[in-house]
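Please open the model in your viewer and keep the selection panel at hand. The tour below goes from one selection to the next and says what is found at each stop.

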Amino acid sequence: MEIPRHWRLNSQRYALVGEVCPHCQIKIFPPRDICPDCGREARESFKFSGRGEVYSFTTVYEAPAGFEENAPYTVALVKLEEGPMLTAQLTDLGERKTSIGMPVEMVTRKLRSDGDRGMLVYGYKFRPRLSAS
Amino acid sequence: MTASDPVVIVGVGLTPVGEHWQTSLRSLGLQALEGARREAPGLQPGAIYIANMLAPALSGQAHLGALLADFAGLRGIEAVTVEAAGASGGLALRQAFLAVTAGAHDVALVVGLEKITDHIGSGLAAAMMASGDSDYEAAHGLTPPALAALRMRRYLHEGHAPQDALLGFSRAAHAHAVSNPYAMYRKAIRDEDYRRAPMVSEPVNLYDAAPLADGAAALLVARASVLTGAHPPPVRIRGQGVATSPVALHEGRDPLDLPAARLSAERAYAEAAVGPADIHVFEPHDSFTIYAALAVEAAGFAARGEGWRLAAEDRIGPKGTLPMLTFGGSKARGDTGGATGVYQIAEVVLQLQGRADGTQVPGARLGMAQCLGGSGGTAVTTILEAG
């Protein structure tokens with residue numbers, strides 16, 4: 001069940017907290033303490049806006065263990081407006097067709113459940129962004 | 001390594017790839033190991049390097065080095081498992097090469113083994129996703145086909161390539177496997193089979209995705225000067241390159257590049273003092289067709305976005321510009337997880353020994369195998385030369 005592992009990821013999963021490199025100014029998600037660009041220490045917290053766009057996407061029909069109740073679901077590479085890319089499910093699509101370049105925004109949803117009596121894991125998903133802001 | 005006493009691969013042992021429900025993991029490994037040893041019976045191995053990625057998760061069995069050493073009647077010898085997801089095979093050979101070239105051992109065995117088909121249910125995808133980023137990829141329901149699909153969709157989009165752009169890799173793989181007795185699928189496919197195939201994870205369809213199955217493959221590695229008795233022509237390890245890149249697809253600078261593959265190829269070319277134009281046969285990682293296209297580009301055989309054309313234009317057959325997947329690749333031979341890399345290298349060895357039967361590349365003298373781990377986080381490129 002690994003409760004501490006999921007608890008450690010709370011601020012990333014619920015609030016998209018990453019880092020900004022004080023040397024080269026790039027935004028980093030997830031946080032990793034060493035800047036992937038310039039290789040120096042980067043431990044300053046940075047909270048992402050949650051806005052991004054779809055870089056690529058696909059629909060999963062055969063779900064792995066723990067994700068069966070969600071299937072089929074769409075998973076995407078989302079490019080956040082501040083620069084980093086992440087992997088997340090898309091949600092609240094309705095009848096809308098997903099497309100590369102579609103603007104999206106972060107919401108918090110249930111990611112998986114570990115059986116009837118298992119832990120519920122929540123985290124970020126992305127839904128179509130309707131307004132221009 | 002000295003040019004005068006190179007490290008060579010002299011023996012190959014293979015089991016057919018398939019559903020070996022009647023054979024245990026250790027027995028499968030033993031079959032391949034004995035097959036390799038039989039090719040040069042005069043040699044006594046001093047170490048075993050195992051390539052495996054799924055036994056702990058799927059069979060509850062770790063500690064395979066000691067397990068197989070004892071089971072094979074090689075009690076007491078040095079043995080270890082090398083794991084780098086799908087690149088385990090290439091890395092196991094790397095360790096064997098380093099040990100022999102350093103003089104620690106004269107003879108070593110590389111044994112890739114994997115048992116996947118005992119398992120049913122959704123636990124397999126979870127075990128496979130351990131090769132990715134657990135906290136940031138698997139946690140969001142990503143699967144290996146979905147990972148390939150994210151790249152494939154973007155690749156077709158950016159290159160304005162047709163929906164069936166990657167069909168050539170699947171077609172060639174199946175055609176080449178017809179004469180491979182170890183291949184799981186030995187029937188050619190028609191273009192319409194690909195075009196009408198059901199989706200696995202759109203746009204990855206059934207004919208883009210290699211089947212996962214059981215298998216074991218082994219290599220007998222030695223310093224050339226200790227070869228004795230009858231044996232097949234030794235194949236020299238001319239160059240090796242190992243490189244890593246971010247495990248998560250989203251952390252790479254460019255999802256349409258395979259930076260570890262590119263870097264590992266550059267390192268191998270440099271050590272071998274050759275270039276792409278010198279390679280006669282190429283066995284890339286093709287768990288999904290998109291990886292084969294990207295590998296062609298990363299290894300310098302085609303420009304960015306153009307890798308698919310080599311296969312689409314039918315130029316990857318045994319007499320083509322760049323023979324590829326000559327024993328069926330993972331697509332038709334079958335994907336054996338951590339053991340796949342050993343099959344890839346064994347297939348290059350057989351080509352260079354003139355033992356490739358129906359898909360022999362005429363006059364093949366230099367061959368390249370490229371093993372990838374996960375979605376490309378580890379890459380091992382091995383360049384081999386006919387003796």
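How many residues does the contact take from chain A, and how many from chain B? Bear in mind while looking that this is a predicted model. Select the two chains together, and the contact is found to take 25 residues from chain A and 25 residues from chain B.

Stay on the chain A side of this contact and colour β6 (51-60), β7 (73-80) and β8 (85-90) of chain A, which are the elements that give two or more residues to the side touching chain B. Of these, β6(A) deserves a separate colour, since the largest share of that side, six residues, comes from it. If you then recolour by residue class, the side of chain A that touches chain B shows 17 nonpolar, seven polar and one charged residues.

Next, display chain A by itself. Its secondary structure comes to two helices and ten strands, and a walk from the N terminus passes through the elements in the order α-α-β-β-β-β-β-β-β-β-β-β. The C-alpha trace of chain A spans about 45 × 40 × 25 Å along its principal axes, and 33% of its 133 residues count as buried. Among the contacts in chain A with a separation of 6 or more, 49% are accounted for by residues 24 or more positions apart.

Now hide chain A and turn to the sheet of chain B. Nine strands form an open sheet there, in the order β3-β2-β4-β7-β1-β8-β11-β10-β9, and the pairing is mixed. Select β3 (78-82) and β9 (281-283) of chain B to mark the edge strands, each of which pairs on one side only. From one strand to the next, the twist averages 25°.

Within this sheet, zoom in on β1 (residues 7-14) and β7 (residues 215-223) of chain B, which pair in the antiparallel sense over seven bridges. One position to label is B:Val12, whose bridge partner in β7(B) is B:Leu219.

Two helices of chain B complete the tour. Helix α4 (residues 88-101) of chain B packs on the sheet and touches several strands, including β1, β2 (47-51) and β4 (107-114) of chain B, while its direction makes about 170° with that of β4(B). Helix α13 (residues 340-352) of chain B lies across β1, β2, β4, β7, β8, β9, β10 and β11 of chain B, and runs at about 175° to β10(B).

Technical notes: Residues are numbered from 1 along each chain as its sequence is written. Chains are lettered from A and ligands numbered from 1 in the order in which they are written. This is a predicted model: local features need pLDDT of at least 70, side-chain atom pairs count only at pLDDT 80 or more; totals for chains, interfaces and linings use all residues. Helices (H or I, at least four residues) and strands (E, at least two) are DSSP runs, numbered from the N terminus. A residue is buried if 20 or more other C-beta atoms lie within 10 Å of its own, exposed if 12 or fewer, and partly exposed in between; C-beta atoms are placed from the backbone. Two residues are in contact if their C-beta atoms, placed from the backbone, lie within 7 Å. Ala, Val, Leu, Ile, Met, Phe, Trp, Tyr, Cys and Pro count as nonpolar, Asp, Glu, Lys and Arg as charged, and the others, Gly among them, as polar. Two strands pair if DSSP finds at least two bridges between them. Axes are lines fitted to C-alpha atoms, for helices over the stretch in contact, and angles run from 0 to 180 degrees between N-to-C directions.
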